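Please look over the sequence and the model shown here. The report that follows starts from one residue and its surroundings, and then turns to other selected places.

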Amino acid sequence: MATLDHNDKKVIGKRVVRNEDPRLLTGQAQYVDDVDLPGMAHAAMFRSEYAHARILSLDVSKARAYPGVLAVFTADDMGADCYPGPPLVSPPPTVKDVVFNSRRQVPLVKEKVRHAGEVIAVVVAETRYIAEDAADLIDIEYEPLPVVADIEQALEADSPLVHDDLDSNLAAQLIQTKGDYEAARKSADVLIRRRFTIERGTAAAMENRGIVAQWDAKSESLTVWDTTQAPIPIRNGLAARLGLSESKVRVIAPFIGGGFGPKIMMFYSEEMLVPWLAIKLNRPVKWIEDRRENFYATTQERGQVHDVEMAFTRDGKILGIKDDFIHDTGAYDPYGLTTPLNTQSHVMGGYDIKNFTSEFKVAFTNKTIVTPMRGAGRPHGVYVIERMMDIAAKELGIDRVEIRRRNLIQPDAFPYEHGIIDQAFAPLIFDSGNYQAALDETLKAIGYEKFVKEEQPRYRAEGRRVGIGVLPFIETTGVGPYEGARVTVEANGKIAVATGVGTQGQGHFTSFAQIVAEQVGVDVTDVRITTGDSAHFNWGTGTFASRGAVVAGNAMHAAAVMVRKKIFKLASKVLNAPEEELELENGVVRVADIPQSSISLKDLAVLANPLRGAVEPGTEPGLEATAYYGPQYGPTAFGVHAMIAEIDPETMMIKILRYVVTEDCGTILNPLILEGQVHGGVALGLGNAYYEKLHFDENAQLLNASFMDYLLVGSTEMPRIDVRHLETRSPLNELGTKGAGEAGAIPVPALFAQTMEDALYDYNFEIRETPLNPNRLFEIVREEKTT
Amino acid sequence: MKPAPFEYHAPTTLDDALSLLTEHGYDAKVLAGGQSLVPMMNFRIAQPAVLIDINNIPDLAYINAEEGGVRVGAMTRHHQSEISPIMAQHAPLIYSTMPKIAYPQVRTRGTFGGSLSHADPAAELPTLTTTLDAKFRLVSQRGERWVPASEFFLGLYTTALEPDEILAEGFVPELPPRSGWSLQEVNRRKHDFALAGVAATVTLDENDVCQNARLVFLSVGDRPMYAERASTLLQGQALTSEAIRAAAELASSEEIDPGDDIHATADFRRHLANVLCKRALEQARQRAQGQK
């Protein structure tokens, strides 16, 4: 029967080209901005110029009078409807002494703005042009307030307050411990202490956010097209906000040009406003975020400061780690503690560490809200531990690879239980892995031995600074609570599949189709996937936390297995043969050894849904099944990245000569798609290492809110990447999958720092911050030389 | 990111364009390739009341070889310069720099005259034309005048153009025999404006003594920064590494005026200018020596 034998997969794991690509490449895919409805009005947001200011007066009369304007709304006009959205992740975990002050954003700000770009008023007009012209006519008077721009200063006693009703800017505080760090440090041969800073970046999805809402007053139903990663929670939340039945609200997340985390935030001001406007005005309303707005209004991530101490034995064995850090949540904290908890979950890396203590404090600042962004706290943890491993290697005189090898969790130690909680408040347990094998594979692929022994000495003799870096990382993935899927054999013989998760470029129309095709015995192109449309499937949470392939994938697998059973049961009856003698292939069930005795899925589907005739009690129509999957805790993927790069010590410009990734995310659904995920992740990682930084000034004003000044990594900056695959199955789910969506981005800043230190071997310096840039490297190298 | 309302004109003759410009003066902006102006309008940094689009005027795009140099029409797209054999032969410094200007999409639309008139001190063409001692023909209903590049760029986005004038064409002189050239710049990403850059030309005599040198820096001042003293210092000297070092030192310490911004400090830009100047002179010398 239909168990998934690891070595006997027909479709899963194959390099199948993507089902969705013809539509995407020929411009036939529908994005939110493609939705064009009769009578549609356009909204423009009037946003705060200040990061922190009191609104003294607001006069929208000239905007209202501007020709072509339909309406202008302020918080006063919205009245009681202007309350915050529901928190996305709450309540905080039941950890001892946890502090959590929930402060959430509103549709329109009333008295005080808390970050530049907050929405103060909304203008609705016949065109976006008119709406923007009218927004320019709004008169506002601010009283600028002292600004909280720095996360450390935010927590000082004399800091101005982002939220006046709190005693401080402390949004949250949480301590997690394992073993006894104090005892470990007393027995250490060496203690290493360092401080690391990680700056903010933005996800910069190719498609900005967008919302179209249509209200049908006759049926009292609302349809919303939204670039959200979480269409079902958005539907449920909107229904609750607007007092509508959930069945009367349809949320469609169509094709979306990249999510990367910020598109799962509940609720963005505009997400609350646009549906409300559509009902209020009884006209379809569209709002498409422009790139400048995206820089201010779409959530960001990465800002943390870490104070770390690690205890080692003389031979490089880790005795323990203490990591206290401050996390920047921006002006509000709708997403709870996900990101800092992820950091805590990753600051031990893939190492066998018995003693751990970590306290984080989350600070409110007058900056754009922080929610998880591809990597989501993991790159911070990996940066800290891997930088510390490099520093320890130098101080202890042990090779960088060797010190890691001595501490990696051994293959026989799984499941490896940490005794702390992860981002989903589940126990942090590493389910399976073969970390040494991934390290060996990477060293072989990059040619580590040869480079270090032959190539590098030759470069150095020529005066060239060429360095190598190698380091491992983990990625906790595939967290709960659950996802579901419905698989149907339709009367045309094609397979229809629906799931609640949205899709933002992950290749779901192919990888999910492969999972189903494996069981239902059809060609991958005959499986039609519908994602993110609450009219098709209305249970689920969303696409985030590298969980699509794990959680939705396994739900789909379970539903497909159930459909396969139904197919065999019915075919057995029709063909008058025992199920064990049946084979299912190419959309046809046949009796083994009697090829002429067969029936197509198409005919079976018709028989399963007859128009006439008596049926047995308990019979369900159709060849259809719905299944759900919810993991107790998520599987943990592992990988190793290696890089060889040259740096010009005079200009600090870099050239990456070789880049190797070994990714082990359990069962691979489609290596092509997986490699694409890895490539994209590395691009973001390189940005976080050397290019991408949001520059805020002391007034928390963003200085580089355009792609001219925010240096997004482009194809010309990307190296060729050699991706290697290992498949250590997860024992936690039937498919054996682990997530990989964020993997590529996680280790790159740490790897980059290690490579630069190796390349500039004849300078005495240490990198303790990310992202870098040529100017900053120049300063760091010079500072260290002069001290 | 939608522009403020504006009046739009698309004249089909230069005379009509000049007449509109005379009429609207400071309220008008000329639209050539639009690669700087249109983004600025979308950000509402620029809000011209009148836009005069000169893309429909024929005969403003050409690259012609002439006695002693190349004549380039204002509407010549960067891409045309990039693939022009005439440019390759008579103005190799411009030809070889073209691929470094932004990226293909910008080069397909961006124009010679537009880049010069916009006068971004980080752009390559203002620096290259200053280095090559080019001159520009400025036309208006009042007549026309030729202005050398060294007198055209007056400051940040500021040129010698009067409000009723259009830069119609440029003349780029050819370098004498035994000349070498180089453009060196540091760009964060391949297509970015440079953090710092320098263009150098040198002309050597038969004994490899420098007859003439010109060093012009970009992104380290409010306009193309001609390092006159450093250029003069090299004249009459063999271009030894000491001579090159001295010129680079002088130019980068005294003849540029870099500013701080989020991409680089003035200090780092000065350092880069020094490093790049040495590399540019070295490459220009080698190229000059490679000629008969």
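A:H725 touches A:E663, A:I668, A:P671, A:L674 and A:E675, where residues up to four places away in sequence are not counted and contact means heavy atoms within 4.5 Å. This histidine sits in strand β29 (residues 722-726) of chain A, and it is partly exposed, with a relative accessible area of 27%; buried means under 20% relative accessible area, exposed over 50%, and partly exposed in between, with a 1.4 Å probe and protein chains only. Although A:H725 and A:G639 are 86 residues apart in sequence, their C-alpha atoms are 9.1 Å apart in space. Helices (H or I, at least four residues) and strands (E, at least two) are DSSP runs, numbered from the N terminus.

The model is predicted, so local features need pLDDT of at least 70 and side-chain atom pairs count only at pLDDT 80 or more, whereas totals for chains, interfaces and linings use all residues. Residues are numbered from 1 along each chain as its sequence is written, chains are lettered from A and ligands numbered from 1 in the order in which they are written, and side-chain values use heavy atoms, with hydrogens and water left out.

Two further residues of chain A can be described in a similar way. A:P84 lies in the loop between α3 (75-78) and β4 (99-100) of chain A and is partly exposed, with a relative accessible area of 29%. Leaving aside neighbours within four places in sequence, A:P84 is in contact with A:R104, A:Q105, A:V106, A:R241 and A:M272, while its C-alpha atom is separated by 27 Å from that of A:Q504, 420 residues apart along the chain. A:T357, found in strand β16 (residues 356-364) of chain A, counts as buried at 17% relative accessibility. The residues that A:T357 touches, apart from those up to four places away in sequence, are A:I175, A:Q176, A:T177, A:Y181, A:I321, A:K322 and A:D323.

A pair of helices comes next. Helix α10 (residues 338-346) of chain A is largely enclosed by the rest of the structure, because 9 of its 9 residues are buried; among them are A:T338, A:P340 and A:L341. The axes of α10(A) and of helix α11 (residues 378-396) of chain A come within 7 Å and cross at roughly 35°, where axes are lines fitted to C-alpha atoms, for helices over the stretch in contact, and angles run from 0 to 180 degrees between N-to-C directions. The contact is made by A:N342, A:T343 and A:H346 of α10(A) and by A:R378, A:H380, A:G381, A:V382 and A:I385 of α11(A). By class, this contact has 2 nonpolar, 5 polar and 1 charged residues; Ala, Val, Leu, Ile, Met, Phe, Trp, Tyr, Cys and Pro count as nonpolar, Asp, Glu, Lys and Arg as charged, and the others, Gly among them, as polar.

Several loop residues have backbone angles that deserve a check against the model, and they are listed here.

| Residue or bond | Backbone angle | Place |
|---|---|---|
| A:F414 to A:P415 | cis, omega near -5° | A:P415: loop between α12 (400-407) and β17 (416-421) of chain A |
| A:G480 to A:P481 | cis, omega about 5° | A:P481: loop between β19 (465-476) and β20 (483-489) of chain A |
| B:R178 | positive phi, near 55° | loop between β10 (166-173) and β11 (179-187) of chain B |
| B:S219 | positive phi, about 65° | loop between β13 (210-218) and β14 (225-226) of chain B |

Of the residues with positive phi, B:R178 is buried, with a relative accessible area of 14%, and B:S219 is buried too, with a relative accessible area of 13%.

Where is space left inside the model? Rolling a probe the size of a water molecule over the atoms shows where empty space is left. The structure holds 9 cavities of 30 Å³ or more; on a 1 Å grid over the protein atoms alone, a cavity is a set of points where a 1.4 Å probe fits but cannot get out, and lining residues have an atom within 4 Å of a point. Grid points are joined across faces, edges and corners, and a volume is the space filled by probe spheres set on the points. The largest cavity has a volume of about 120 Å³, and of the 15 residues that line it, the closest to its centre are A:H115, A:Y268, A:S269, A:A297 and A:I369. Its lining divides into 6 nonpolar, 5 polar and 4 charged residues. The second largest cavity holds about 100 Å³ of space, and of its 15 lining residues the closest to the centre are A:Y691, A:K693, A:H695, A:N773 and B:R188.

Key
1 Å grid on protein atoms, 1.4 Å probe; cavity = no way out; pocket = protein on both sides within 12 Å on 5 of 7 lines; lining within 4 Å.
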